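This briefing is intended for reading alongside the sequence and the three-dimensional view. Please keep both at hand while going through the points.

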Amino acid sequence: MDIDRKYIILADDDEDDRLFFEDALEDLALNVSLESVTNGLEVMHLLNDRSRILPDVLFLDLNMPLQSGHECLKEIRSNDRLKEVTVVVYSTSLNAKTVDMLYKDGANYYICKPGDYKTLKKSIHRAISLVEQNSSKQVHKSEFVIKL
């Protein structure tokens with residue numbers, strides 16, 4: 001296995017959003033491997049499987065079936081093995097109250113899903129760059145929302 005390769009999990013129930021994310025990541029030509037899941041239970045199953053390595057970053061949609069992204073975030077932060085996983089919330093809305101709650105609950109970054117492909121690529125690249133710089137540390141609230 002390539003030691004410098006970043007392992008990313010994308011949890012998003014919207015097939016189109018997953019495909020756009022995968023295409024954008026491929027176009028960026030970063031040294032990453034991506035695994036996608038479609039709901040909160042699937043992502044928690046992956047994370048709790050001790051035979052697997054933990055991701056370098058988890059891109060987590062909020063509105064997913066079976067277990068919401070916010071419920072996943074709370075479970076991740078309450079689990080000693082998982083609490084250092086870098087979580088980038090990746091959602092369609094940018095509600096200030098929700099953003100504040102997610103920051104308080106320990107998400108590392110927040111991206112509002114962009115409407116165009118070019119901005120999506122820039123957002124993903126920016127998020128991965130920030131994760132590499134800051135590891136699993138939570139940034140100051142003023143840097144929490146990734147804006148381009």
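The points below cover charge pairing, surface charge, cysteines and backbone angles.

The model is predicted. The structure contains seven salt bridges and zero disulfides. Two non-glycine residues with a positive phi, A29 and L66, are also described.

**Salt bridge between D12 and K113**

- The side chains of D12 and K113 form a salt bridge, with an N to O distance of 2.7 Å.
- This pair connects distant parts of the chain, the two residues being 101 residues apart.
- D12 lies in the loop between β1 (6-11) and α1 (15-28), whereas K113 lies in the loop between β5 (109-112) and α5 (117-134).
- D12 is buried, with a relative accessible area of 0%.
- K113 is likewise classed as buried, at 14%, because the buried class covers values under 20%.

**Salt bridges D105–K104 and D80–K83, and the network**

- D80 and K83 are joined through their side chains in a salt bridge of 3.4 Å, N to O.
- D80 is exposed at 63% relative accessibility, while K83 is partly exposed at 38%.
- K104 and D105 form a salt bridge in which the closest N and O atoms are 3.5 Å apart.
- The two partners differ in class: D105 counts as buried at 17% relative accessibility, whereas K104 is exposed with a relative accessible area of 65%.
- One network, joined by salt bridges that share partners, comprises D12, D17, D61 and K113.
- As general background, side chains of opposite charge can pair when their charged atoms come close.

**Surface charge**

- D13, D14, E15 and D16 form a negative surface patch.
- Of the residues in this patch, D16 is found in helix α1.

**Cysteines**

- Why does the structure hold zero disulfides? For C72, the closest cysteine sulfur is that of C112, and the separation of 19 Å is too far for a bond.
- The converse also applies, since the cysteine sulfur closest to that of C112 belongs to C72, 19 Å away and too far for a bond.
- The cut-off used for a disulfide is a pair of cysteine sulfur atoms within 2.5 Å, and the 19 Å separation of C72 and C112 therefore does not qualify.
- C72 counts as buried, at 0% relative accessibility.
- C112 is partly exposed, with a relative accessible area of 27%.

**Positive phi angles**

- Most residues other than glycine have a negative phi.
- A29 has a positive phi of about 55 degrees although it is not a glycine.
- A29 is located in the loop between α1 and β2 (32-37), and it is exposed, with a relative accessible area of 65%.
- L66, a residue other than glycine, has a positive phi near 75 degrees.
- L66 is placed in the loop between β3 (57-60) and α3 (69-77).
- Is L66 buried or exposed? L66 is exposed, its relative accessible area being 65%.

Methods:
Residues are numbered from 1 along each chain as its sequence is written. This is a predicted model: local features need pLDDT of at least 70, side-chain atom pairs count only at pLDDT 80 or more; totals for chains, interfaces and linings use all residues. Side-chain values use heavy atoms; hydrogens and water are left out. A salt bridge is a side-chain nitrogen of Lys or Arg within 4 Å of a carboxyl oxygen of Asp or Glu. Helices (H or I, at least four residues) and strands (E, at least two) are DSSP runs, numbered from the N terminus. Buried means under 20% relative accessible area, exposed over 50%, partly exposed in between (1.4 Å probe, protein chains only). Patches are made of residues with over 30% relative accessible area and no salt bridge: like charges are joined within 9 Å, nonpolar side chains (Val, Leu, Ile, Met, Phe, Trp, Tyr) within 5 Å. Accessible areas come from the Shrake-Rupley method with a 1.4 Å probe; for residues, only the protein chains shown count as cover. Lys and Arg count as positive and Asp and Glu as negative; His and the chain ends are not counted. The place of a charge is taken as NZ of Lys, CZ of Arg, CG of Asp or CD of Glu.
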